[in-house]
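Me: I have a structure here that I haven't looked at before. Could you walk me through a few parts of it?

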Amino acid sequence: MTREELKILLSQGPVLLDGAMGTMLMKRGLQPGRLPESMCLEHPQAVTDIHKAYLEAGSRVVYTNTFGANAPRLARAGLTVEQVVSAAVACARRAAEPCGGLVALDLGPTGQMVEPMGSLTFEEACELYAAQVRAGVQAGADLAVIESMTDLYETKAALLAVKEHSSLPVLCSMSFESSLRTYTGCHVDCMVITLEDLGADAVGANCSAGPVQLQPVAAALLERAAGPVLVKPNAGLPVTRPDGTQGYDIGSGEFARCLARFAAQGAALVGGCCGTDPDYLREAALALRGAAALPRPARDNSGLICSASKLCRYGPGTPVTSVALTGSADDDLDAASEALYNGSEALVLDLGRQDDPRDEIKAIQATVNLPLVLAGGSPEALQKALRVCSGRPGRI
């Protein structure tokens, strides 16, 4: 599938995605402690049947059972990325091909914290995702989806992997709290500005809460995004039933009405996450029947820059602190930290003669949460700097 083909599809009306995979795998015998992705190899027909059930319910896109299919996690079970991704795409393809459904390579969090919050380097994260992407392309995925992310830096690594190792369209969704932030502090506006600038074909929110709780997040997405918006909530909030079993507090009918409202507000892609099943998606398909694509006002985000947590409109008069990088991460961090106490809205970094400013930039970003503006430097140094910046930097 090309990006242009995805645009044509979205122009025809809201696209219904699938529902939960984990919920369905447990119904089909996934044992506690077993890798969900191993079902693609051990019980491929069960996985194919799940995809088929969603497609028969009305979903147009199914996510492969590869949410956690990264090399370190699979290696603990004696599996490889190539084995699992190939099998997962094949399971989805067998279900999708007869009805013209689309197969989305599903990329979830690595399970490790990326620097500076953890020990996984940015480039290591890029390569973990690149291995999944290469395997997905080889197996014949139609598009890629990055979902359930909470760290914008890790999301950038996944998105770069898709863009650099494939020509697949890519959808990106993160999990937000009612504060409009992820638990690592990423604000929904910063997510939109960053990922659209990097070439995401749609941005959105999934998981974390039900459709009622996600309404403010969806409204913020629709207000800020220039491109298509995706909303894929859980089946409400977790509850314990009178018989002691666990479930969610929103039934399929109410869930379907909520998805229809998201579509009526302008969401281009809707679906279900944790707790949803084909019954939820069947009701949603009925609620969306006949819905047309809703034009949204044009958004001009061209003057905005951001870190993962702060956004500003950069231009003449914007309060800034300027730092000339020296090559010493400690000295540069000391100078940059001044911006936290003098009312600056952005931090201007003059790359000067630095051949590789990545270490200084990473050190600064670990402490200073302001949007960055990159100045000077050779084209090579600028490219290295842009690659490791978290958020959307300005350039002068």
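Reply: What follows goes through one residue, a strand, a helix and a pocket, and it should be kept in mind throughout that this is a predicted model.

Me: OK, let's start with Asp-201, where is it placed?

Reply: Asp-201 sits in the loop that runs between helix α9 (188-197) and strand β6 (202-206).

Me: And is Asp-201 buried or exposed?

Reply: Asp-201 has a relative accessible area of 10%, and because anything under 20% counts as buried, it is classed as buried.

Me: Which side chain does the side chain of Asp-201 make a polar contact with?

Reply: The partner is the side chain of Arg-3, at 2.5 Å. In addition, a polar atom of the Asp-201 side chain lies 2.8 Å from the backbone nitrogen of Val-170. If neighbours within four places in sequence are left aside, the residues in contact with Asp-201 are Arg-3, Leu-6, Pro-169, Val-170 and Pro-228.

Me: Val-170 belongs to β5, right, so which way do the residues of β5 point?

Reply: Val-170, Cys-172 and Met-174 point one way from β5, while Leu-171 and Ser-173 point the other way, and all of them are buried. The strand, which covers residues 170-174, is accordingly described as mostly covered, with 5 of its 5 residues buried.

Me: How many bridges join β4 to β5?

Reply: There are 4 bridges between β4 (residues 143-149) and β5, and the two strands run parallel; within this pairing, Val-145 stands opposite Leu-171. On the β6 side, 4 bridges likewise join β5 to β6, again in parallel, and here Met-174 stands opposite Ala-205.

Me: What do the helices make together with these strands?

Reply: β4, helix α8 (residues 152-165) and β5 make a right-handed β-α-β unit, and β5, α9 and β6 make a right-handed β-α-β unit as well.

Me: Changing topic, which residues of α15 are buried?

Reply: In helix α15, which spans residues 379-388, the buried residues are Ala-381, Ala-385, Leu-386 and Val-388. What covers them includes α7 (122-139), α8, α14 (358-367), β15 (372-375) and β16 (394-395).

Me: Last one, what volume does the largest pocket have?

Reply: Its volume is about 540 Å³. The lining is made by 27 residues, and of these the closest to the centre are Met-21, Gly-22, Thr-23, Phe-67 and Cys-274.

Me: Which elements give two or more residues to that lining?

Reply: Those elements are α2 (22-27) and β4, and α2 gives the most, with 4 residues.

How values were computed
Residues are numbered from 1 along each chain as its sequence is written. This is a predicted model: local features need pLDDT of at least 70, side-chain atom pairs count only at pLDDT 80 or more; totals for chains, interfaces and linings use all residues. Side-chain values use heavy atoms; hydrogens and water are left out. Buried means under 20% relative accessible area, exposed over 50%, partly exposed in between (1.4 Å probe, protein chains only). A polar contact is a pair of N or O atoms within 3.5 Å; within protein, one must be able to donate a hydrogen and the other to accept it, and residues adjacent in sequence count only if both atoms are side-chain atoms. Contact means heavy atoms within 4.5 Å. Two strands pair if DSSP finds at least two bridges between them. A crossover is right-handed if, with the strands pointing away from the viewer, the path from the first strand over the helix to the second runs clockwise. On a 1 Å grid over the protein atoms alone, a cavity is a set of points where a 1.4 Å probe fits but cannot get out, and a pocket is an open set with protein on both sides within 12 Å along at least five of seven lines; lining residues have an atom within 4 Å of a point. Grid points are joined across faces, edges and corners, and a volume is the space filled by probe spheres set on the points.
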